[in-house]
Amino acid sequence: MSVLVFTIILLLGAYAAGLLGSLTGLGGGVIVIPLLTLAFGIDFHYAIGAALVASIATSSGSASAYVKEGMTNIRLGMFLEIATSVGAVLGAVIALWMPTNVIAVIFGVVLFFTAVMQNRQKVDHVGVKGSALAMKLKLFGSYPTKEGVQNYELTNVPGGFLIMVIAGALSGLLGIGSGVLKVLAMDSCMKVPFKVSTTTSNFMIGVTAVTSAVVYLQRGYIEPGIAFPIIVGVLGGALTGAKLLKHLNVSLLRKIFAVAILLVAVNMIYNGLMGKF
C-alpha cells in the first residue's frame with residue numbers, strides 16, 4: 001500500500017470517527033484505535049498516541065460550537081477536569097508498562113460497556129433539587145431549548161468526581177476520550193440534563209487527552225505521519241457533527257453505532273486473548 005492510499009484511508013476513517021464522536025460525545029478514539037490496530041497492524045502504543053490526538057481534535061472542533069450555543073456548562077467541566085487530569089496521568093504511565101495484549105482486552109471490555117450504554121434510555125432530569133456543595137461551587141446552569149432557556153440544578157458532586165478519576169485513567173490507558181463514563185457521571189450520577197452532559201463531555205475530552213498525550217509524546221509514541229491525517233480528518237468530522245446535532249434524531253445512529261462497537265469489542269478481546277497484538 002502506498003503512502004498516499006494509506007493517508008487517504010486514514011483521513012476517511014478519521015472523518016467518520018470525528019463525526020460519530022461529536023454526535024455521541026464519545027470522542028474519536030473508539031474508532032481510530034481499531035482502525036489502526038486491526039486494519040493496519042500498527043503497534044497499540046502508537047495507535048493510542050494517535051487516538052489521543054484525535055480526541056483533542058474532536059473536542060476542539062465540536063466543543064467550540066457547543067460553547068457558542070450555550071449548551072456546555074464550562075464551570076462544571078473545568079471543575080471535573082481536575083479529576084480526569086489526575087486519572088489521565090496515572091493511566092498513561094501504567095499503559096507504557098502494561099503488555100499490549102492486556103490493553104487490547106481492557107479496550108474491548110470498555111467498548112462492550114460503551115455499546116451497552118449507548119442503548120440505555122436518555123432522560124432529561126427535571127425538577128432536580130441541587131446539593132449544597134453544587135450550589136457552593138456554583139455548578140448550576142441553563143441551556144437553550146425549543147421552549148426557551150431551561151435552568152437546571154445538580155447533585156452528588158463527590159460521586160461524579162470519583163467516576164471522572166476513573167474516566168481519566170481509562171483515557172490515559174486506552175487513548176479514548178472515555179466520554180461514556182463522563183456522560184454517565186454527569187447524567188446518571190449528578191442528574192445533569194443529557195444534552196448538557198454530552199456537550200460538557202466533549203468540552204472535557206480534549207483537556208484529558210492533552211494530559212495523557214504529553215506522556216506518550218515524551219516516550220516517542222506519537223508518529224507525525226499517522227497523527228497528522230488523523231487530526232485533519234477528525235477535526236472535519238467533529239465540525240460536521242456539531243452542525244448536524246441540532247437537526248438530526250441521532251437515536252437510530254446510536255443504535256447502529258452500538259452494534260458496530262460491540263462487534264469491534266468482541267474482535268479486540270479475541271485478538272488480545274490470542275496474543276495477536
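Analyst: Helices (H or I, at least four residues) and strands (E, at least two) are DSSP runs, numbered from the N terminus. This is a predicted model, where local features need pLDDT of at least 70, side-chain atom pairs count only at pLDDT 80 or more, and totals for chains, interfaces and linings use all residues. Residues are numbered from 1 along each chain as its sequence is written, and side-chain values use heavy atoms, with hydrogens and water left out.

User: Where is threonine 72 found?
Analyst: Look between two helices. α4 covers residues 74-97. Threonine 72 is in the loop between α3 and α4.

User: Is threonine 72 buried or exposed?
Analyst: Buried means under 20% relative accessible area, exposed over 50%, and partly exposed in between (1.4 Å probe, protein chains only). Threonine 72 has 12% relative accessibility, so it counts as buried.

User: Which residues does threonine 72 touch?
Analyst: Contact means heavy atoms within 4.5 Å. Residues up to four places away in sequence are not counted. Threonine 72 then touches Tyr66, Val67, Thr199, Thr200 and Phe203.

User: How many helices and strands are there in the protein?
Analyst: Read the elements from the N terminus: α-α-α-α-α-α-β-β-α-α-α-α-α. The protein has 11 helices and two strands.

User: What share of the residues in the protein is buried?
Analyst: The protein has 277 residues. The buried share is 52%.

User: Which helix gives the most to the largest nonpolar core?
Analyst: A nonpolar core is a set of buried Ala, Val, Leu, Ile, Met, Phe, Trp, Tyr and Cys residues joined through side-chain atoms within 4.5 Å. The largest has 49 residues, and Ile33, Phe107 and Tyr216 are among those with the most contacts inside it. Eight of the core's residues come from one helix, residues 44-69. That helix is α3.

User: How many residues does the other core have?
Analyst: It lies apart from the largest core. Leu154, Met164, Met186 and Val196 are among its members. The count is 20 residues.

User: Which helix gives the largest share of the nonpolar patch?
Analyst: Patches are made of residues with over 30% relative accessible area and no salt bridge (a side-chain nitrogen of Lys or Arg within 4 Å of a carboxyl oxygen of Asp or Glu); like charges are joined within 9 Å, nonpolar side chains (Val, Leu, Ile, Met, Phe, Trp, Tyr) within 5 Å. Leu11, Phe228, Ile231 and Val232 make a patch of about 340 Å², an area from the Shrake-Rupley method with a 1.4 Å probe, where for residues only the protein chains shown count as cover. Three of its residues come from residues 224-244, helix α10.

User: Why does phenylalanine 228 count as exposed?
Analyst: Phenylalanine 228 sits in helix α10. It counts as exposed because its relative accessibility is 57%.

User: What is the phi of lysine 138?
Analyst: Lysine 138 lies in the loop between α6 (132-136) and β1 (141-145). It is exposed, with a relative accessible area of 58%. Although it is not a glycine, its phi is positive, at about 60°.

User: What is the phi of asparagine 156?
Analyst: Asparagine 156 is in the loop between β2 (148-152) and α7 (157-174). It is partly exposed, at 36% relative accessible area. It is not a glycine either, yet its phi is positive, at about 50°.
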